[in-house]
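Subject: A structure for you to look at

Hi,

Here is the structure I promised to pass on. Have a look at it first, and then read on for what turned up.

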Amino acid sequence: MKRLPVPQSRANQKPLAKAIGMTQAAASTRWYDKRQWQLEDLAKVAAVLGTTPWELVQPMGDKEKLPQLDSNQQPFD
């Protein structure tokens, strides 16, 4: 999962953890990639953060985007 600009302190993780129905410790281990997120948890996190599960699992940064192909592709000779 890509890292999001979420506050790093335990005090700020607690409201997010509560909103998604887990303890602060459980949410923290997932935020720091020590444990994998479950799909149903990603949907809850996305809803709280105002995004989609798809956006959460996309690579970070513009350099990692796939190149856009020309709309009029021609076969190679």
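Let me begin with helix α3, since much of the rest connects to it. The buried residues of this helix are covered by parts of the chain that include α2 (24-31) and α4 (53-56). Please keep in mind that this is a predicted model. The mean pLDDT over the chain is 76, and 62% of the residues reach 70 or more. Confidence is lowest in helix α1 (residues 10-19), with a mean of 79, and highest in α2, at 89.

**Helix α3**

α3 runs over residues 39-49, and Asp41, Leu42, Val45 and Ala46 are buried in it. Looking down the axis of α3, you will find its buried residues within an arc of 140°, so they line one face of the helix. That fits a general pattern: an α-helix has 3.6 residues a turn, so residues three or four places apart point the same way. Just past the end of α3 comes Gly50, with a positive phi of about 70°.

**Helix α2 and the loop after it**

In α2, the buried residues are Gln24, Ala27, Ser28, Arg30 and Trp31. The arc they cover around the axis is only 165°, which puts them on the same side of α2. Gln24 is worth a closer look: it counts as buried because its relative accessibility is 14%, under the 20% cut-off. The side chain of Gln24 is also joined to that of Gln13 by a polar contact of 2.5 Å.

In the loop between α2 and α3 you will come across Asp33. Asp33 is not a glycine, yet its phi is positive, at about 55°. With a relative accessible area of 48%, Asp33 is partly exposed.

**The nonpolar core**

Which residues make up the largest nonpolar core? There are eleven of them: Leu16, Ala17, Ile20, Met22, Ala27, Trp31, Trp37, Leu42, Val45, Ala46 and Leu56. At least two residues of this core come from each of α1, α2 and α3. α3 gives the most, with three residues. As a general point, nonpolar side chains in soluble globular proteins tend to be buried together.

One member to pick out is Ala17, which sits in helix α1 and is buried, with a relative accessible area of 1%. Leaving out residues up to four places away in sequence, Ala17 touches Met22, Thr23, Gln24 and Ala27. Try finding Val45 from there as well: Ala17 and Val45 are 28 residues apart in sequence, and their C-alpha atoms are 8.8 Å apart in space.

**The two tryptophans**

How many aromatic pairs does a search of the whole structure find? It finds one, formed by Trp31 and Trp37. The pair is edge-to-face, with 5.7 Å from centre to centre and 80° between the planes. Trp31 and Trp37 are both buried, and both belong to the largest nonpolar core.

If you would like a route through the structure, you could take these stops in order:

- Ala17, in helix α1, buried at 1% relative accessible area.
- Gln24, in helix α2, with its side-chain polar contact to Gln13.
- Trp31 and Trp37, the edge-to-face pair.
- Asp33, in the loop between α2 and α3.
- Leu42, Val45 and Ala46, among the buried residues of α3.

Happy looking, and do write back with any questions.

Best wishes

Note on methods:
Residues are numbered from 1 along each chain as its sequence is written. Side-chain values use heavy atoms; hydrogens and water are left out. Buried means under 20% relative accessible area, exposed over 50%, partly exposed in between (1.4 Å probe, protein chains only). Helices (H or I, at least four residues) and strands (E, at least two) are DSSP runs, numbered from the N terminus. The arc is that of the directions from the helix axis to the C-beta atoms. Contact means heavy atoms within 4.5 Å. pLDDT is the predictor's confidence in each residue, from 0 to 100. Rings of Phe, Tyr and Trp (its six-membered ring) pair if their centres lie within 6.5 Å; planes under 30 degrees apart count as stacked, over 60 as edge-to-face and the rest as tilted. A nonpolar core is a set of buried Ala, Val, Leu, Ile, Met, Phe, Trp, Tyr and Cys residues joined through side-chain atoms within 4.5 Å. A polar contact is a pair of N or O atoms within 3.5 Å; within protein, one must be able to donate a hydrogen and the other to accept it, and residues adjacent in sequence count only if both atoms are side-chain atoms.
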